[in-house]
Amino acid sequence: MAATLSKSERLCGKKAIAGLMEHGKGGVSGCLRYKFLKAGEAGVSRILVSVPKRFFKRAVKRNLLKRRIRESYRLQKDLLPAPVDIAFLYLDREVLPFSDIYAAMTAVLTAVAAKTE
């Protein structure tokens, strides 16, 4: 599988997001809170990334964190054995370096992989 993040790998649509939030299982790992649900009709894992405006008023910082989260997912998405819809919520009140986000993402994806098998 190529290490890209295409449009089809983004979770969008009110029904899909509401279903994930209502029926998904979740947890917290480092600076990330996550919710996941086995993918239904889509044959590919899809993600949703959220950084709260409450903690970061400037869009520049929110977008920086979203890019870091998406990139760390993109590099490690092969850890998931089956298609899963995942929502990531950034929890920390500071802008963490990429290495910390990458480590948290590793923990999240291994936990999700263990729970979906």
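What share of the 117 residues in the protein is buried? The figure is 37%, where buried means under 20% relative accessible area, exposed means over 50%, and partly exposed is in between, with a 1.4 Å probe and protein chains only.

Before the details, the basis. This is a predicted model, in which local features need pLDDT of at least 70 and side-chain atom pairs count only at pLDDT 80 or more, while totals for chains, interfaces and linings use all residues. Residues are numbered from 1 along each chain as its sequence is written, and side-chain values use heavy atoms, with hydrogens and water left out.

Now the overall fold. The protein has 3 helices and 4 strands, taken as DSSP runs (H or I of at least four residues for helices, E of at least two for strands) and numbered from the N terminus. Along the sequence the order is α-β-β-β-α-β-α. The radius of gyration is 13 Å, close to the 13 Å from the globule rule for 117 residues, so the protein is as compact as a globular protein of that length. That radius is taken over C-alpha atoms, and the rule is 2.2 Å times the number of residues to the power 0.38. Along the principal axes, the C-alpha atoms fill a box of roughly 35 × 30 × 25 Å.

Next, contacts, meaning heavy atoms within 4.5 Å. Of those between residues at least 6 apart in sequence, 78% join residues at least 24 apart.

On the surface, the accessible area is about 6800 Å², and carbon and sulfur atoms account for 54% of it; the method is Shrake-Rupley with a 1.4 Å probe, and for residues only the protein chains shown count as cover.

On to individual residues, starting with D85. It sits in strand β4, residues 84-90, and is buried at 7% relative accessibility. What does the side chain of D85 make a polar contact with? The partner is the side chain of R46, at 2.9 Å. A polar contact here is a pair of N or O atoms within 3.5 Å; within protein, one must be able to donate a hydrogen and the other to accept it, and residues adjacent in sequence count only if both atoms are side-chain atoms. Beyond four places in sequence, D85 is in contact with eight listed residues, among them L11, L20, F36 and V44.

T116 belongs to helix α3, residues 98-116. Its relative accessible area is 8%, so T116 is buried. The T116 side chain reaches the backbone oxygen of A113 at 3.3 Å. Leaving aside neighbours within four places, T116 contacts F36, K38, P81 and V84.

Y34 is in strand β2, residues 32-38, and is buried at 5%. Not counting residues up to four places away, Y34 touches residues including V28, I86, F88, V108 and K115. The C-alpha atoms of Y34 and V44 are 18 Å apart, with the two positions 10 residues apart in numbering.

C31 lies in the loop between β1 (25-29) and β2. Buried or exposed? C31 is buried, at 4% relative accessibility. C31 and I101 are 70 residues apart in sequence, yet their C-alpha atoms are 7.0 Å apart. I101 is also one of the residues that C31 touches, along with L89, Y90, L91, D92, L96 and A104.

Last, N63, in helix α2, residues 59-76. N63 is partly exposed, with a relative accessible area of 35%. From N63 to K35 the C-alpha distance is 21 Å, for 28 residues of sequence separation.
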